[in-house]
Amino acid sequence: MNNGYSNAYATLRELDAFLMKGDETLPEKYEKTVKLEFPRVGSNDVEEYNVRPYDFCFLFDAQNTEGKKLNSFNQYLDHAANCIYSQSIGPMNKRSNSSEDNTIRELCAERGRNRYAGAGSAMLIYPYEDVREYIALNWTKECVSSQWLVFDRMYKEKCLANAEMRAQGLNRRDINASVDYIESINQMAKQKDPFALSIEKACTIYDEGGYKKVNDKWTEYVGQLKKFVKDSTMNGQMDLDAQKNLAMGMINEVEIGSKQAAEELQDAYREMEKYKDMVVKRSEDTARTIAYSIFKAKNDSITKEKLPHQMETYLRDEEGNFIHPNAVRYFLYQALELMKAEKVLVEKENDKKEKSFDGMYAIFDNTKTDDEIETVDQLTERKIDKKTQQEFKDKLRFYIGETDKYRTSSVLAEVLAEGIDYISSLCEAFQNFYTSFENRIEALDRRIAALSKKYGNTAGRTSRYVCATPNCFQRLLKEMPYTGSSITIDKELAEEIYNKVRNYSMLKDKPENGGYFEQIFDNGIIGYFKKSLMEIYGSTVNMDVLTALEKEAKYEKNEYDATRIEQYVKKVIAETRNLSNPFIERPLGEQKAPIAACTYSKELDPKDDSPRSMLIAKELGNYGGTPDEDIPLNMIMFYQSIYGLRANKLSKFSPGCAAEGRSDGEYYKAYYEVVSQIKPKSDKTPVITPHIDRNWHIVSALPDLDEENQRRQEREIYRAFALGIICDLVCYSKISEGKYLYRLELNDLEPEEFVVSNGTPCDHYYEVLDALTINPVAVQTILSYMKEKFADERNSSGKLDFEHSYLRRQINELASIEYGKAGLSIFDVALLLKVSTPSAEFDKTVGKGIMREILTLIYEYAQTMVLEADLDGIYGKFVLEQFEMFDKNIDWYMDNWKDNFSDYINDLMRIAVSDIERKKLTDIYEKMRKIMKESSKKRG
């Protein structure tokens, strides 16, 4: 977590610097370290951009100004998206933009660093779609469970009862599913059950008036199927018809009593036999063709052609609409049983005809001879009288008729077999379809329960849902009961169900998990009830959010008084508006009032003198309300924003303040815990910088978010520099012949060679400051070391006074090995910085800052060992001594360097003189002022 906090602080520190860069308020010393560069198109060069990265930066915290939090990361993402919509795209953006314009006037006071903002949004929502879903699911469950599945559940109970009896050793026959379905409906219809009666009616043909029953649809269907098979077999088969006509013609041409009668009978018989053989051979192919066209065709037109021999024709009502799936099943089972019975009769007749055909050759047998059976071939050898010739001729005609019948019945038997297979497959498919309902019903229960609980716990959300408690859902369901017909469903849905089931029945590899019917259940059946719901109760379901709030007051608070209901509505609106408090902590210091805005549907406000219109004006209009045509009626959106914030005014990014009893902010503390471990050499650093640039944690490379903290860090560097030089912690040591380097040398520790910002060793006086600036670890090491040393000094048993103190002795011995100069004063520590630094790089403000920090250091040091009454006098005397020593050393500088230091020397002297003046040490002040005046005059 600390890494995240540290990265957050580093990010804002970088953004803050580039804000100042774009606003041209960034201090000049950062000109080289803070740059925004992009590759230049078409070249390898880069191009610098001095622009603001943004006008305003919205910060999102884990909690809002009231300390409230959301429940999950995804909710924060959704909330941020809602804020972006509200602030930039939605109808409330005009008010937001106006707020930005007003804030721009405040930027100058903070040098452009208060471009941070916080935002929050909330929504008051009546979940219309979920209410519709909840009621539709309950309607679906009620109808499907209590009506659609009633006969299947009866069948299931009977099967379970059978199984229990068998387990007890009783012999029970299996229950025929189709017969049981038929009998269950018939029995319940006799008991005047409305659903069963509706099913029977849907499968019955009535006269034109609709009063008198004409026939059962399945009976009519099977009759029309038989007629179609007869018409198909007896017409259109030209070769069979030709052979039949030939045979019949030859039979008719047999001249009884003529000499050639026997030969004519022989020829006629052979043609008749050929006709019979052709019929037998052709029957299977004909049956297959007819059956395929009726049962196996995979086009959807079979449900629309309405042909009398097409089963699907009878699955429509008198208006041409598809009947209920339960009625379809009833019809299928009835048709299946009738087809089975018809097939038995037809096959029985066919067996007789086939046996008759097998004995057809015996029609020419002479009954007077017992030893052999005469055939047609022997007919010319026999003497046949006219009577016998006529009998033979009549028998040939009879067999032609029987062959005609067989020509139809043989095909009909095959078609019935295919039809039985087709309908059986459909019945099984419907059985699977309805079986899948059981699982769907269980899923419905889960979905209903989930919807009921969905809005039960809204803590940690910025959306307030209206009329969405389990109690409200139940009350709405009670107010909107299902009033539709038990047998009536959407005609397109009924046809879609049939087509879907039919297609399933024709699949070779059928899915086993019921998923095939999932879509038709969810989109079709549930969709039908959603549609029915909206047709009946559409205006109630799709009510506006304020009407929903009024209903909620009745359902949840049992309020029916108009005044109290209005108070409830106002209370909920106010509570929801508070949910839109900006998701950012309350800034430190003077509190900024959030800017409120909200939006709602134009249709919500009647814009008249009604209580509603007045409520909207007061509770929404007075809080930046803006009606908009794109906002739905079931929603009100709220938005609040705070502009003109500075990052250091947020406690998490702010350093602690003892006066206010406030400790370091989480992000601030985590950041400095990380960067305080960063050394100039990466191989010596145990942490990774949180910045893009490896040097941006250094205050000389990137400004801190807080100016006072920036100055504190700079003072620490200055103090470490002064202590290092004065107390010989930073030593100018000989490394080799002619080579000297500045190193940090502490007792009991290995010397540490300083590295400067360009990566080279520290071998010049001014580079010591650079080396400390880029090495916060070394700064803290020196400060901690000297703090402990000073503490040990105070805790020693000997008498302690300033004149003989450790620091005083070190100052007395102050010298520069690099410049070969002894007898230096504290002022020389700052002036040598000017001498050592290349003139183009010297920053006078840094030298002056070091001078001030040295004086502060000595005063605070003396304060620990001198009585308060004597402190200022002892301190003033010491400063005067150092001042006089410095004045004597000035000639050394003027003799050895050509540069004119006069202004800088005056600056250093003036700092000390002003300090003595503030402490009201008049005598010392006058002496120092005189010395300064004479020194300046001597230098010209």
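**Notes on the predicted model**

1. Strand β12, which covers residues 739–744, pairs with β13 over 2 bridges, and the two run in the antiparallel sense. One pair to look for here is Arg 743 with its bridge partner in β13, Glu 753. Keep in mind as you read on that this is a predicted model.

2. Now look at the other partner of β12. 6 bridges join β11 to β12, and these strands run antiparallel. Ser 736 stands opposite Lys 739 in β12. The two strands form a hairpin with 2 residues between them. In the turn you'll find Gly 738, with a positive phi of about 75°.

3. Put those pairings together and you get an open sheet of 3 strands, in the order β11-β12-β13, with antiparallel pairing. Which strands stand at the edges? They are β11 (730–736) and β13 (752–753); each has a single partner strand, so one side of each is left without a neighbour in the sheet.

4. Just before this sheet in the chain, have a look at Asp 728, in the loop between α20 and β11. Asp 728 isn't a glycine, yet its phi is positive, about 55°. Its relative accessibility is 46%, and partly exposed means between 20% and 50%, so Asp 728 counts as partly exposed.

5. A second residue of this kind is Lys 192, with a positive phi of about 65° although it is not a glycine either. You'll find Lys 192 in the loop between α6 (177–190) and α7 (194–202). Is Lys 192 buried or exposed? Its relative accessible area is 62%, and the cut-off for exposed is over 50%, so Lys 192 is exposed.

6. Next, helix α21, residues 765–773. How many of its 9 residues are buried? The count is 8, so the helix is mostly covered. The buried residues are Tyr 765, Tyr 766, Glu 767, Val 768, Leu 769, Ala 771, Leu 772 and Thr 773. What covers them includes two strands of the little sheet above, β11 and β12. The cover also includes the helices α20 (707–726), α22 (776–794), α24 (826–836) and α25 (844–863).

7. Strand β10 (residues 635–645) is worth a close look too. Why is β10 described as largely enclosed by the rest of the structure? Because 11 of its 11 residues are buried. Strand β4 (residues 116–125) pairs with β10 in the antiparallel sense over 9 bridges, and the bridge partner of Ser 121 in β10 is Tyr 639. Strand β8 (residues 595–601) also pairs with β10, again antiparallel, over 6 bridges. In that pairing, Tyr 600 stands opposite Ile 636 of β10.

8. On to the nonpolar interior. The largest nonpolar core has 122 residues, and those with the most contacts inside it are Tyr 221, Phe 331, Phe 433, Ile 497, Ile 525 and Leu 546. Helix α12 (residues 386–454) gives the most to this core, with 19 residues. Apart from it lies another core, of 83 residues, with Met 786, Leu 832, Leu 855 and Met 865 among them.

9. To see what being in the largest core looks like, zoom in on Ile 497. Leaving out residues up to four places away in sequence, Ile 497 touches Trp 148, Pro 325, Phe 430, Phe 433, Ile 489, Ile 520 and Ile 525. Two of those names, Phe 433 and Ile 525, also appear in the list of residues with the most contacts inside the core.

10. Val 279 lies in helix α10 (residues 261–296). Its relative accessible area is 3%, and the cut-off for buried is under 20%, so Val 279 is buried. Not counting residues up to four places away in sequence, Val 279 touches Leu 240, Thr 403, Tyr 406 and Arg 407. How far apart in space are Val 279 and Val 46? They are 95 Å apart, C-alpha to C-alpha, with their positions 233 residues apart in sequence.

11. Last, something nonpolar on the outside. Phe 38, Tyr 49 and Val 51 form a nonpolar patch on the surface, and together they have about 260 Å² of accessible area. Val 51 has its place in the loop between β2 (46–48) and β3 (57–58). With a relative accessible area of 43%, Val 51 is partly exposed.

Definitions and conventions: Residues numbered from 1 in each chain as written. Predicted model: local features only at pLDDT ≥ 70, side-chain atom pairs only at ≥ 80, totals over all residues. Heavy atoms only, no water. Pairing = 2+ DSSP bridges. Helix = DSSP H or I, 4+ residues; strand = E, 2+ residues; numbered from the N terminus. Buried < 20%, exposed > 50% of the residue type's maximum accessible area, 1.4 Å probe, protein only. Contact = heavy atoms within 4.5 Å. Patch = residues over 30% accessible without salt bridge, like charges linked within 9 Å, V, L, I, M, F, W, Y side chains within 5 Å. Areas by Shrake-Rupley, 256 points an atom, 1.4 Å probe, with all protein chains shown as cover. Salt bridge = Lys/Arg side-chain N within 4 Å of Asp/Glu carboxyl O. Core = buried A, V, L, I, M, F, W, Y, C linked by side-chain atoms within 4.5 Å.
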